Amino acid sequence: MGINISRQTDLAGNVYLQKFVGRTHIHHDDLEFWRALLNYNISIPETSQDQLNLDSRLESLCQSFISNNLKTGNFGSLIVVFLEKVAELLSLSDQESNLHIWQTFNALFIIRTVIKYIIETGSEFQLLQHFEAIPNEELLKAEEANLTAVTAENVVIGTEANGNDEAAAAINTAVMVDGSKFETFIDAIVNLIVVIPVKEFTYHLHLESVNCLITLLSVHLFTQQAAEKLIIFRTIYKCQHANVLMSALLHFVARLVEVPPTMFGNSSTGSFVFGIAESLLSIFSFRKQQDILKISGATGVELSLQFRQHFPLANQSLLLILILTNHCTSKGNAYRASLFGCADSKESPKEGSNTFQIDFSAVYETLCRVVTIDQATLLLYLLLHRNERFYKFVMTQPDLEKLVTPILQTLYNAPDSTSHHIYMSLIVLLILSEDDGFNKNVHNIILKNVTWYTERTISEISLGGLLILVVIRTIQYNMLKMRDKYLHTNCLAALANMSGQFRNLHPYVAQRLISLFETLARKHTRLDAQLKEPVNSAVFVNVSTTPEDMMQDLTVLEEVLRMVLEILNSCLSNQLVYCPNLVYTLLYKRSVFEGFRSHHAFQDIIQNIDMVVGFFSSRLQRVQEQRGELGVNEVFEVISKGASQWSSDRLRKFADLKFKYVEEDAPEEFFIPYVWTLVCKYGCVHFSSESIKGVTAEISC
């Protein structure tokens with residue numbers, strides 16, 4: 001078949017590429033040329049360095065393309081060839097389609113490379129011009145027939161995007177830009193994703209299709225215009241395919257299929273035909289996530305890299321889901337509605353429902369497996385926060401530790417994660433803690449030998465206990481290092497939601513709860529004393545800290561201390577009989593509350609704690625008078641017996657602690673830069689960071 005094995009070093013001298021970017025028009029019916037051009041096997045860039053190397057070798061070819069294509073229309077011819085091959089693929093059987101898949105992939109790879117170059121160096125309007133450009137001879141005929149037209153709206157957009165004479169020069173080329181070919185191209189990409197089944201020899205075609213959509217949407221990175229005003233976004237968000245596209249992408253994520261080692265995969269220099277043969281032989285033994293376990297045990301950055309390397313289709317589909325759902329949210333985003341409305345395939349479909357169904361078990365299992373990476377945490381957040389069906393499904397799972405423990409591990413290793421990832425992990429815990437069933441169940445799930453928790457060796461602890469430990473540690477880390485009020489507010493809100501269901505707390509958990517108050521109390525006392533010092537004798541005050549800063553810190557500290565006291569009170573009011581270790585620790589550490597009994601901000605709630613401490617202290621004293629000095633077991637015996645006789649009616653009533661996560665106004669200001677940071681950092685498509693503009697200018701690729 002005239003197979004060409006092309007290496008990146010050969011690209012600049014490739015005669016077919018030179019002709020494609022040259023001054024000669026190539027008709028889409030020139031089968032001999034297109035067959036020769038598209039019969040190649042190239043090493044696909046997998047890292048930013050690979051992409052940089054490829055971009056540098058293609059620079060001269062791309063410049064020639066920009067100079068000549070508006071006259072030759074060769075890009076338009078390639079688009080037509082691609083569209084024809086897609087149409088053929090949709091009607092061919094597996095046995096007939098192998099060569100077509102290969103050539104379609106190669107055509108799409110060239111198209112995406114051109115798109116990426118124009119988006120990074122030019123404008124959206126330029127890109128659309130190159131899509132619609134027709135040969136010079138036909139332009140002359142069109143001019144004679146007075147048919148040439150440029151949409152007024154497009155002219156305005158192109159002029160704004162360039163801000164110089166480039167747009168005017170582009171308009172003078174009299175290229176017709178009606179967007180019809182571009183819309184047809186988008187439809188073809190979507191059809192490749194949603195219609196053709198994923199098999200080993202189609203895997204990279206699906207991946208390239210997803211990458212092409214991401215590349216097109218990356219126009220947002222290289223302009224200061226709002227996404228809603230960009231033609232590419234408006235075309236993709238017309239949404240006639242929103243439901244089926246979102247369904248296909250989420251299925252790609254849920255299936256977590258490993259990249260095949262043949263065809264376009266790891267062996268990039270062998271015969272494509274041999275790769276096809278290998279692929280056909282292994283279709284029925286397509287390896288799923290359960291068989292490979294390549295990402296077991298990995299966390300954080302390591303897992304992100306392995307996920308991208310071994311499961312690029314799932315990784316890119318996940319990133320595309322995040323892009324589609326977080327842009328254009330103010331005017332009825334159909335992709336967003338589709339994701340938030342999808343249902344479990346095990347449920348009976350509701351009559352008139354226009355959402356898709358998917359196996360929630362598969363989605364849940366995949367998220368459990370990769371939830372320690374940013375993009376998976378963000379998808380989990382969207383589903384839990386916005387998809388009521390999925391939230392209820394998660395709440396019924398008997399193995400919640402598979403989901404929660406990795407999230408806790410992310411928080412435990414906070415210095416290794418971004419602040420955004422920490423926020424989202426905490427918000428997920430807060431959303432989970434809104435359910436009373438969850439708060440009860442986590443104390444019934446027992447974990448053994450949690451090796452990553454290294455502060456103390458704990459052979460056995462409940463999931464709820466581990467959750468409390470990690471959140472307390474996060475609060476202390478935040479108060480000492482980050483001093484972020486929003487972060488510790490979410491931590492305390494999650495603990496507060498859970499506090500009414502605290503049960504069977506491990507002794508170390510009870511100690512850490514009281515120790516949290518003790519640590520904060522010492523800081524409060526120290527800060528309060530510094531503020532009361534005369535200005536000229538404030539020798540203990542950090543010279544870089546103003547009295548106003550100190551007063552603000554003191555106010556935040558008092559809010560945190562009050563919340564910790566409310567959490568303790570909630571547990572004592574609702575679960576005292578099930579928390580003997582907490583009572584024991586309170587008795588042992590009663591002195592830590594001494595300085596706050598008369599403080600106006602804490603007086604009322606400390607009265608409740610004092611009442612509990614006083615009740616058990618008097619009982620211990622009576623038993624001690626009878627038996628003499630008591631051992632630990634005897635003390636617990638007294639606490640256990642006293643708890644059975646204790647009535648919480650003695651305590652002053654406070655409102656139940658119930659906090660609900662509410663998304664802030666204009667969430668896109670947080671999520672859109674975050675999503676594109678993830679695309680640049682963890683995606684398979686690498687963009688030029690030097691050209692990034694606008695609201696996402698801080699993104700590092």
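How much accessible surface does the protein chain have, and what share of it belongs to carbon and sulfur atoms? The accessible surface comes to about 30200 Å², and 51% of it belongs to carbon and sulfur atoms. Keep in mind throughout the tour that this is a predicted model.

**The whole chain**

Begin with the entire protein chain selected and shown as a cartoon, where 32 helices and 4 strands can be found. Of its 701 residues, 55% count as buried. If you consider contacts between residues at least 6 apart in sequence, 77% of them join residues at least 24 apart.

**Colouring by confidence**

Next, colour the chain by pLDDT, which averages 83, with 82% of the residues scoring at least 70. Select helix 20, residues 374-386, where confidence is highest at a mean of 97, and then helix 14, residues 272-281, where confidence is lowest at a mean of 35. Two further stretches deserve the same caution. Over residues 146-175 the pLDDT stays under 50, and the model has 50 contacts beyond four places in sequence for them. Over residues 696-701 the pLDDT also stays under 50, and here the model has 16 such contacts.

**Helix 32**

Now select residues 668-682, which form helix 32. With 15 residues at 1.5 Å a residue, this helix should span 21 Å, and because its end C-alpha atoms are 20 Å apart, the model agrees with that expectation. Show the side chains and look for the buried residues of helix 32, among them Phe 671, Tyr 674, Trp 676, Leu 678 and Cys 680. What covers them? The cover over the buried residues of helix 32 includes helix 11 (203-217), helix 16 (300-310), helix 17 (312-326), helix 20 and helix 23 (419-433), so select these together with helix 32 to see how they are placed around it.

**The largest nonpolar core**

Select Phe 82 and Phe 185, the residues with the most contacts inside the largest nonpolar core, which has 230 residues. Helix 28, residues 547-575, gives the most to this core, with 13 residues. Centre the view on Phe 185 and show its partners: leaving out residues up to four places away in sequence, Phe 185 touches Ile 79, Phe 82, Leu 83, Leu 108, Ile 111, Ile 115, Phe 131, Cys 212 and Leu 216.

**Three buried residues in helices**

Move on to Val 583, which lies in helix 29, residues 580-588. Is Val 583 buried or exposed? Val 583 is buried, because its relative accessible area is 1%, below the 20% under which a residue counts as buried. Beyond four places in sequence, Val 583 touches Leu 572, Leu 576, Phe 616 and Ile 639. Draw a distance from the C-alpha of Val 583 to that of Ser 640, and you will find 9.7 Å in space for two residues that are 57 residues apart in sequence.

Then select Asn 106 in helix 5, residues 94-121. Asn 106 is buried as well, with a relative accessible area of 1%, and it is in contact with Leu 38 and Tyr 40 when neighbours within four places in sequence are set aside.

The third stop is Leu 70 in helix 3, residues 48-72. Leu 70 is buried at a relative accessible area of 15%. Leu 70 and Ala 133 are 63 residues apart in sequence, yet their C-alpha atoms are 5.3 Å apart in space.

**Cysteines**

Select the cysteines and show their sulfur atoms. A disulfide is a covalent bond between the sulfur atoms of two cysteines. How many disulfides are there? The count comes to 0 disulfides. Two cysteines to visit are Cys 62, buried with a relative accessible area of 10%, and Cys 342, buried with a relative accessible area of 1%.

**Two loop residues with positive phi**

Most residues other than glycine have a negative phi, which gives a reason to look at the last two stops. Leu 256, in the loop between helix 13 (242-255) and helix 14, has a positive phi near 50 degrees, and Leu 256 is buried, with a relative accessible area of 0%. Finally, select Asn 449 in the loop between strand 3 (446-448) and strand 4 (460-462). The phi of Asn 449 is positive too, near 50 degrees, but Asn 449 counts as exposed, at 55% relative accessibility.

Methods
Residues numbered from 1 in each chain as written. Predicted model: local features only at pLDDT ≥ 70, side-chain atom pairs only at ≥ 80, totals over all residues. Heavy atoms only, no water. pLDDT = per-residue confidence, 0-100. Contact = heavy atoms within 4.5 Å. Expected span 1.5 Å × (residues − 1). Buried < 20%, exposed > 50% of the residue type's maximum accessible area, 1.4 Å probe, protein only. Areas by Shrake-Rupley, 256 points an atom, 1.4 Å probe, with all protein chains shown as cover. Core = buried A, V, L, I, M, F, W, Y, C linked by side-chain atoms within 4.5 Å. Disulfide = S-S within 2.5 Å.
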